[in-house]
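User: I am new to this structure and would like to learn how to read it. Could you take me through its features one by one?

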Number of protein chains: 2
Amino acid sequence: MNEPSAKLTKQGIRAVAARAGVSTASVSRSLNNPEAVSPSLRARIAQAIDAVGYIPHAPARILSSRRSRTLGAIVPTIDNTMFARGIASLQKYLSSVGYMLFLTTSGYDLDVELQQARNLIGRGVDGLVLRGDCHHEGLRKLLADNAVPFINVGIYQPDRPYPCVGTNNEAAAHRAAAHVIELGHRKIGIVSALQRNNDRAGARVAGFRRALAESGLELPPEWHVEVPYTLDDAREAARHLLNLRDRPTAVVCGNDVIAYGVLLEAERSGFSVPRDLSVVGFDDLDWSRHLRPSLTTIHVPTDETWQRAGEYLVRSLAGEQTIMHREVDFSLVVRESTAPPPAILK
Amino acid sequence: MNEPSAKLTKQGIRAVAARAGVSTASVSRSLNNPEAVSPSLRARIAQAIDAVGYIPHAPARILSSRRSRTLGAIVPTIDNTMFARGIASLQKYLSSVGYMLFLTTSGYDLDVELQQARNLIGRGVDGLVLRGDCHHEGLRKLLADNAVPFINVGIYQPDRPYPCVGTNNEAAAHRAAAHVIELGHRKIGIVSALQRNNDRAGARVAGFRRALAESGLELPPEWHVEVPYTLDDAREAARHLLNLRDRPTAVVCGNDVIAYGVLLEAERSGFSVPRDLSVVGFDDLDWSRHLRPSLTTIHVPTDETWQRAGEYLVRSLAGEQTIMHREVDFSLVVRESTAPPPAILK
DNA sequence: GCGCCTTATGAAAACGGTTACATCCTAAGC
DNA sequence: GCTTAGGATGTAACCGTTTTCATAAGGCGC
């Protein structure tokens, strides 16, 4: 008489087990390792599962198995097309292999990043996807202490002992600057993203500068401006450059959004691109090919990069041998925003 | 002699307790309810905690306390400025009140949304943030069965029995259309987002149509086009409208991205905006005020909307009484892309 | 028909916290 | 001085799984 009522009070896997007349072990097995249980039992259990509307309790599962099939990712901000796309791609890949993604943001603050890492580790993530290799010094120790595998995405640094996947930003930036040099420009300005806590931005600036130096070109300090990731700031920087008595004939930018700002401001100020000014971006966001003039830029395969980051961790967790440093190819996409410099000059 | 080694084998909270010479209960209390433990003990425990580098294990905590201080969110896609901003805002608010966010995407697929909801519930989220009120029928039952509070964000439907926060899309769209009607336009086209599984898009179309109908204006079928959320598709739609023998003098768009597409295509096709064609957007993304011509559009306070969604759930979970249907104000922002119709017509 | 190996299943001990309850101590009330 | 209320701390059961280990049930060679 009280048998049924006892059953009714049970929760979770025990309710399923009771309903199917089996042990909890069998239910667990039929979920995690179906081949290990006989077909007849499996069917009975499957039936019981949706009879009670059973949803496995992930925290309990994680607690018991010490694996979560979940990865954590810490990006500076989600409000940036590059990261949004990357995360979307990573998430898609992970869900295709039965993993989940726990996403947090650091706002370009290394302390916050460290805190979020602690948070995610406490959450039981199996691995961590980080952006770049510019981290709080405590982070590496934290990861090592807790034996959490990780990967730095968006950069390529084969000489460092940490896994990474991304394009060689320095080389790509070099290519971008080389492009305008080949067109005949000698007066080239740089508008870069903030380099602080952003190794990617730093590598790009280094690439730009190397290209200039190799061609024996000067870079007056006032021709290099750093700006945050917003259109407004980029426009202000452009205004600065365009108002100089001696102004560059070409501007290479740290990313596409900055380039958009330069493009917009040039146009508003009565300059014609590329006639009066050549502009090169970096990233090749969707907008770049739609703008008028369309933007010459460095194409970076974001989707591929982030998916590979996921692959690396998933494979590592499965115990497979994987490539620690993976380079992702970039390419220069020449569009309408670059042309030879005005003939009148020099 | 083996006392110390015994201590060394302990994990987590017990290691801390042993180190501080207290019970696990006290450690737990000093973490979750610091006032309940004496200052001296608290200090000793705090010291022990970072001596062992203790990171609380969230899954265990969730399992035991049946609360996760984590909310789940399911959005169609993260790769859309509106959602990216909203999520960023929500995340920021949640972290300020000690909550975390578990984010998943549905790709506008109701089955996937349901699956993700199941997933998140299994994950132990305390509440769910959903987009709109267009869900799989099983979703409501799932939420009710598991007593998971939720809120529909981005819409305002005071007549429905579900919590929601957002702007009145129908009214806002009506306002947008009224604007061009007031300017004197009689021939108005619509380029909307796909209405399938997207009540927001549907409401906007309804608002547009009501405004037209109230002014006795016709809407020939070929003047209403639905397109996915991409610049390319919007441009194709614009091309279609502009190539019609009898074409509209104004186009109201379901969102800003669509409007950008129309703007770009009009310009590429040799039309001048707003001289030959007026264009109205919806959302007021960052780009809208930078474009040339800048875009007349409906401003929607995305950040506020999503933050309020978080507030609603957090308050509900704290047992506070909250407003079930919250309307967020929109406003028409008139910029350069709208003007009276060409005088030559009529 | 008997021992033995294999395979399917069950019983029960973790996993790392929280929390109801018990206990101890101190100080206030008489 | 004795009782007692109440606050600080400890004890241990429990949260819902997984997983080790034991056990039962077949299948096989002899």
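User: How far does a backbone N or O atom of A:Ser64 lie from a base oxygen of DNA strand C?

Analyst: Start with the term: a polar contact is a pair of N or O atoms within 3.5 Å; within protein, one must be able to donate a hydrogen and the other to accept it, and residues adjacent in sequence count only if both atoms are side-chain atoms. Here the backbone atom of A:Ser64 lies 3.4 Å from a base oxygen of DNA strand C. This is a predicted model, in which local features need pLDDT of at least 70 and side-chain atom pairs count only at pLDDT 80 or more, while totals for chains, interfaces and linings use all residues. Residues are numbered from 1 along each chain as its sequence is written, chains are lettered from A and ligands numbered from 1 in the order in which they are written, and side-chain values use heavy atoms, with hydrogens and water left out.

User: Which other polar backbone atoms lie close to a base nitrogen or a phosphate oxygen of DNA strand C?

Analyst: A polar backbone atom of B:Ala60 is 3.4 Å from a base nitrogen of DNA strand C. On the phosphate side, a polar backbone atom of A:Ser23 is 3.0 Å from a phosphate oxygen of that strand.

User: Which residues come nearest to DNA strand C?

Analyst: A residue is near a molecule or strand if one of its heavy atoms lies within 4 Å of it. There are 29 residues around DNA strand C, and A:Ser26, B:Ile13, B:Ser28, B:Tyr54 and B:Ser64 come nearest. Of the strand's atoms within 4 Å of the protein, 59% belong to sugar or phosphate and the rest to bases.

User: Which helix gives the most to the surface near DNA strand C?

Analyst: Helices (H or I, at least four residues) and strands (E, at least two) are DSSP runs, numbered from the N terminus. Helix 5 of chain B gives the most, with five residues. At least two residues each come from helix 3 and helix 5 of chain A, and from helix 2 (12-20), helix 3 and helix 5 of chain B.

User: How do the residues of that surface divide by class?

Analyst: In this scheme Ala, Val, Leu, Ile, Met, Phe, Trp, Tyr, Cys and Pro count as nonpolar, Asp, Glu, Lys and Arg as charged, and the others, Gly among them, as polar. The surface near DNA strand C has eleven nonpolar, 13 polar and five charged residues. For DNA strand D the classes are eleven nonpolar, 13 polar and six charged.

User: What surrounds DNA strand D?

Analyst: DNA strand D is surrounded by 30 residues, of which A:Ile13, A:Arg14, A:Ser28, A:Asn32 and A:Ser64 are the closest. Sugar and phosphate make up 56% of the atoms of DNA strand D that come within 4 Å of the protein. Polar contacts include a side-chain N or O atom of B:Arg29 at 2.9 Å from a base nitrogen of DNA strand D. A polar backbone atom of B:Ser38 is 2.8 Å from a phosphate oxygen of DNA strand D, and one of B:Ser64 is 3.4 Å from a base oxygen.

User: Now the sheets. What is the strand order in the open sheet of chain A?

Analyst: Strands of a sheet pair through backbone hydrogen bonds, either parallel or antiparallel. Two strands pair if DSSP finds at least two bridges between them. The open sheet of four strands in chain A has the order 7-6-8-9, with parallel pairing. Strand 7 (224-227) and strand 9 (278-280) of chain A are at the edges with a single partner strand each, so one side of each has no neighbour in the sheet. Strand 6 (residues 188-193) and strand 8 (residues 250-253) of chain A are joined by four bridges; in one of these strands A:Gly189 has A:Val251, in strand 8, as its bridge partner.

User: Which strands of chain A does helix 9 touch?

Analyst: Contact means heavy atoms within 4.5 Å. Axes are lines fitted to C-alpha atoms, for helices over the stretch in contact, and angles run from 0 to 180 degrees between N-to-C directions. Helix 9 (residues 169-182) of chain A touches strand 6, strand 8 and strand 9 of chain A, its direction making about 170° with that of strand 8. Helix 10 (residues 199-214) of chain A packs on the sheet as well, touching strand 6, strand 7 and strand 8 of chain A.

User: What is the strand order of the open sheet in chain B?

Analyst: In chain B an open sheet of four strands has the order 7-6-8-9, with parallel pairing. Neighbouring strands are turned by 15° against each other on average, direction ignored. Three bridges join strand 8 (residues 250-253) to strand 9 of chain B, and B:Val251 has B:Val279 as its bridge partner in strand 9.
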